[in-house]
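Biologist: Could you walk me through this structure? I'd like to start with the overall build and then go into details.

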Amino acid sequence: MSKPLKKTGLIFFPAFDWAISPDHPEREERLLYTQDQVFEEGLLDFDNIVEYKPGIATHAQINRAHICVPDTRHLTTNSHLISAGGAITAAHKVLSGEVDNAFALVRPPGHHAMLVAHGARGFCNINIEAVMVEYIRHTFGVKRIAIIDTDCHHGDGTQDIYWNDPDVLCVSMHQDGRTLYPGTGFVEDFGGPNALGATINIPLPPRTSDEGFLFAVENVILPILDEFKPEIIINSAGQDNHYSDPITNMNFSAQGYALLNEKLAPHIAVLEGGYSIERALPYVNTGIILAMAGLDYSFIREPDYNADRLRQSAEITRLIKDEAKNIMALWKTRKSLKRQITGQASYIRRGKNIYYDTDGIVEKQTETVRVCDDCGGLVMIDSAADTGKKIFAVILPNGCCPACRKDGEMYFDRVSTSQYHHTYFQDRQRDVFVVK
Amino acid sequence: MILGIDVGGTHTDAVLLDSFQLIAKTKVLTHSANIVASLQEATRILFDGKGIHHIERIVLSTTISTNAIVQNKTNRVAMVLLSGPGLAPSMLNPGEDAFFARGYVNHRGIPVENISASEISGIGNQIADKAIRQIGIVGKFSSRNPQQEIDTAGLLRSDSRNISMGHTLSGQLNFRRRIATTYLNAAISDIFRKFAADVKAFTDSIDAQIPVYILKADGGTMLLSEALACPVQTIHSGPAAGIMGVLAAANIREDAVALDIGGTTTDISVFAEGVPLLEPSGVTIDGRKTLIRGLYSKSIGIGGDSVVKVQDGQLIIGPEREGPAAALGGHLPTPTDAMVVLGIVSFGDKSMAQDALAPLAAKLGVDTKKVARAIIDQTTAAIADHVRMMLSEINNKPVYTIHELLEGRMIEPKMIYVCGGPAALAPYISEKLGWPCTIPDHSEVSNALGVALARTTAEITLLADTEKGELIISEEGRVQKISDDFTIEDAVAVGRETLRKKAAQLGADPRDMIIEVTEAQEFNMIRDFCTTGKNIRVKIQIKPGLISAGAER
């Protein structure tokens, strides 16, 4: 079993002094046994595995990805800045060529944090992948990026942030939203009017095992990546598909996770959820690190692993095959679908109700997108939360066309500030962030 | 009086201290085939016929363990590994006589798979067939629960066999390093026993019935009799002697860097408030990464005798060495020759140094003085760069808490100490780094001085798991029951007491038992949203340093 070795950067930051609350799944103990396993296996002694200290993200870096209400300072603590900073460090090491790939094994996670953030949802305050993606685009001028969310929960935050961005492919493979938080992420959710096909959802039935996950990777994710041709692939690497995870219902294994990462070959992996801290995380993380580094992971196995008990039913196999077929059929229509959806409209509007389970906040949002063939399109968001905060945001995409820019600047000028607590102007193309 | 002897590869240095003051010193050539002869010669010169009976202790450092490993003069070792799942066996480098057996424990020290007595005795038969006498036993996570190693040893033990167990050598995690450490410990067992017997013959010959200590890689000492069970701790004591030597000669109290500039290499070491830094995981010897606690040092290929040449219009310094400097009879130009030409040092033959530099000067189209200055500049700049790099590595070492990341202490050197033949380069290095420099006294025998004054060190690792109701002290092979209200303070108290006993056994003076808690972490264990116990991790050490009165010299 000889594979090419890769130089792998590891940003390991278990934040042993931080918890959402003492008995929360997102607590000090979470990565303790992972650290034990990584140290005991001596992974840091391999010449091609290098450990780095995480950087600390700045508020300006977060403002490129989010509209934080009222501002980033109120929504983040040092733990969030370090977690996002760790992801940025991983990206920096890869993009500067110091390593071939990197794994940010950091906490807290971020993939449930949406474009507008009033508080914490799904244990996430800020979306660490999105902050990283904006860093990559801003610093290295990378255009096409793919985020493959392999967490068991739908990566709804990442999807929301890139819903209208045709250059960032967001694929989320997760337990069917009818059976798990956050209850979204269906095949029909396919991206905004200017970015159809740049959002792909692969809901999987409960009790899907290695076979089903790897089938979806080979028959949906890899073919789509082949066509999308991203310059950078990111694995938003949740570990809660594991058969022992206490808050989900899947049957994925450490071997499966390692194989998935070998097939996906992400440039950057960022830890998301995963709360089976003793029975899964130590083995899953060891497997992922070995797979990324091109080292033999075939002897990694959970102490209680039993392939027979985890095998998925024929019914599940059939469901996944059908779904893969549907997704690929939809994917093939992505270019012709736009006119069907937009018709003659120059703006498309959608309403959203967002619940922040961690902080108990309810938000009502209206998102308006300019239909545009030249860029991702101007986005405007009107948002009111039951905290009493009401805001308006104008977002110009990366590669914004002159027409969208003109409209966006006009709307931001005209907006009546008395109606809102804050109005925000986020220009991703020119890296400008204005609040009034 | 204390007799300190550093048996180095080339020279054996010896010092005699009375009330911690140096009263005699000598340097003789090392007879590598007969170490005792070197010891006898050095002591004969040192005592010069005067009374030997006033000596309270003898402290030695020796390259015997290191040389045995580097020169492959080792025992054949059968390794019995309880590895469980994880890295592939081929990635563990266990040597040719490795036996993988059933049984392993997990990260909490809970046995996942039991050992099989019949399998182990079968392995015992194979070891007997191969007539291997040295056995190393290492289990995955054995520092979290040593019982399986102990049970395996029980099944394999016999009078003709010598057994090394992984958990006794270090409490740290790292299975591969534990394997390497245990293997080396078994591999040098015989040669170390022979050395200990030779030393006994030597002390008998000078009629000294006094404790004999030996220096370890961490710059601490232990009784030679205690080292018989863990000879691997004495590897790398050469660099350790060098670092303890600077500490003793210069009485360092602040954050500092020490340079030992030799002929071929320059060794860099770092001190935090006068305490030499330790390797984060363990020393590397002959390419093998171990768990042996050792002083942190880096060796770079630049020294006083490095060959200087011109290549593509650029000066290249080192890393080769081809004999001594031209000024001292060598045939190639070196930084030492540049120092001679500029009058920075006043030994050797200046005209020979000038002749050696002349071709370089011609190639660069400048005069010899200018080329000499360029050589000094480039040599000291390279050393300064490495010092900066090493500090940046230390100060950027990953940490795992927000507190450490934001508030972590940085090493900020206030002084640079320079020893070795080309120590006269000190002001040039100092200028480049912007810190003042000191060249300590007695630097020609500072290694022996450091050896003589080094205190006994020890370290223990505790893991208390109140859900399991167990306390484990790996290095002691101890597993004991605890109640569910056991606290981190209890763990530290047990640790202190255990460390004190261990240090006394290793030969420590109670006055020098300066105990430091290096790690104390406590985690609430929560299962299904209920607190089920605490996972407590404590590490306690006696840090390297000088014996008490020595520190007030």
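Modeller: Happy to! One term up front: the radius of gyration is taken over C-alpha atoms, and the globule rule is 2.2 Å times the number of residues to the power 0.38. Bear in mind that this is a predicted model, where local features need pLDDT of at least 70 and side-chain atom pairs count only at pLDDT 80 or more, while totals for chains, interfaces and linings use all residues. Residues are numbered from 1 along each chain as its sequence is written, and chains are lettered from A and ligands numbered from 1 in the order in which they are written.

Biologist: Thanks! What radius of gyration does chain A have?

Modeller: Chain A has 21 Å, which agrees with the value near 22 Å for a compact globule of 436 residues. Its C-alpha trace spans about 65 × 45 × 40 Å along the principal axes.

Biologist: And what about chain B?

Modeller: Chain B has 553 residues and a radius of gyration of 26 Å, which agrees with the value near 24 Å for a compact globule. The C-alpha trace of chain B spans about 75 × 60 × 50 Å along its principal axes.

Biologist: How many helices and strands are in each chain?

Modeller: Chain A has 13 helices and 16 strands, and chain B has 16 helices and 27 strands. Those are DSSP runs numbered from the N terminus: helices are H or I with at least four residues, strands are E with at least two.

Biologist: What share of each chain is buried?

Modeller: For chain A, 59% of the 436 residues are buried; for chain B, 49% of the 553 residues are. A residue is buried if 20 or more other C-beta atoms lie within 10 Å of its own, exposed if 12 or fewer, and partly exposed in between, with C-beta atoms placed from the backbone.

Biologist: Let's switch to the place where the chains touch. How many residues does each one bring?

Modeller: Chain B brings 33 residues and chain A brings 34. Two residues are in contact if their C-beta atoms, placed from the backbone, lie within 7 Å.

Biologist: Which element of chain B gives the most there?

Modeller: That would be β26(B), with five residues. By class, the side of chain B that touches chain A has 18 nonpolar, 11 polar and four charged residues. Here Ala, Val, Leu, Ile, Met, Phe, Trp, Tyr, Cys and Pro count as nonpolar, Asp, Glu, Lys and Arg as charged, and the others, Gly among them, as polar.

Biologist: I'm curious about A:Lys53. Is it buried or exposed?

Modeller: A:Lys53 is buried, because 20 other C-beta atoms lie within 10 Å. You'll find A:Lys53 in the loop between β2 (49-52) and α2 (59-63) of chain A.

Biologist: Which residues does A:Lys53 touch?

Modeller: Not counting residues up to four places away in sequence, A:Lys53 touches B:Asn396, B:Pro398 and B:Val399.

Biologist: One last topic, helix packing. Which residues of α1(A) and α9(A) meet?

Modeller: From α1(A), the residues are A:Tyr33, A:Thr34, A:Asp36, A:Gln37 and A:Val38, and they meet A:Leu281, A:Pro282, A:Tyr283, A:Asn285 and A:Thr286 of α9(A). By class, this contact has five nonpolar, four polar and one charged residues.
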